[in-house]
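Please open the model in your viewer and keep the selection panel at hand. The stops below go from the confidence colouring to a group of aromatic rings.

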Amino acid sequence: MGVLVVSYPAEAGSRFDADYYLATHMPLAERYWRESGMTGARPLIGGAGPAGRLAAMVLIDFAPGTDIGAVMAAPASAPVFADVANFTDIAPVAHIFLDA
C-alpha cells in the first residue's frame, strides 16, 4: 500500500475553508482517484507541532502497486488540483510514502 500525505501549513492570515474541504474537495478527489487505486482517506483538520501550525493534513491510501506519482501527474487529476483555490490560498505540500 502507498500513502499520499498532503499538508497545508498555515501562516498568519492564510485562508482555509474546512467545511468546503471536507464536503466538496475530498469527495471530488475520491471521485477522480478511486478508479486509479485510491482506497480511502483520513483528513485531519487543524493542529500544531514543533515546526508550526497546519490548517489540515490528509492521508490518502492507495492500493499496493499504485504509481501515486503517475496518478497525480495524470490529466484526470487536473480538476482535483484546480479545486484547491476554492478552499485555500495555502500551497499544499505532498509526500508519497510506500510500505516497507
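Colour the chain by pLDDT, the predictor's confidence in each residue from 0 to 100, and select strand E3 (residues 48-49), which has the lowest mean among the elements at 66, and then helix H1 (residues 18-33), which has the highest at 97. These elements are DSSP runs numbered from the N terminus, with helices (H or I) of at least four residues and strands (E) of at least two. Across the protein chain the average is 93, and 95% of the residues score at least 70.

This is a predicted model, in which local features need pLDDT of at least 70 and side-chain atom pairs count only at pLDDT 80 or more, while totals for chains, interfaces and linings use all residues. Residues are numbered from 1 along each chain as its sequence is written, and side-chain values use heavy atoms, with hydrogens and water left out.

Next, show the aromatic side chains: the structure holds nine aromatic pairs, where rings of Phe, Tyr and Trp (its six-membered ring) pair if their centres lie within 6.5 Å, and planes under 30 degrees apart count as stacked, over 60 as edge-to-face and the rest as tilted. Select Tyr-8 and Tyr-21, whose ring centres are 5.8 Å apart with planes at 75°, so the pair is edge-to-face. Because Tyr-8 lies in strand E1 (residues 2-9) and Tyr-21 in helix H1, this pair ties together parts 13 residues apart in sequence.

Keep Tyr-8 and add Phe-87, its partner in an edge-to-face pair with 5.8 Å centre to centre and 70° between the planes. Phe-87 sits in the loop between helix H3 (78-82) and strand E5 (93-98), 79 residues from Tyr-8. Tyr-8, at 3% relative accessibility, counts as buried, as does Phe-87 at 0%, where buried means under 20% relative accessible area, exposed over 50% and partly exposed in between (1.4 Å probe, protein chains only).

Finally, add Phe-16, Tyr-20 and Tyr-21 to the selection, which completes one aromatic cluster with Tyr-8 and Phe-87.
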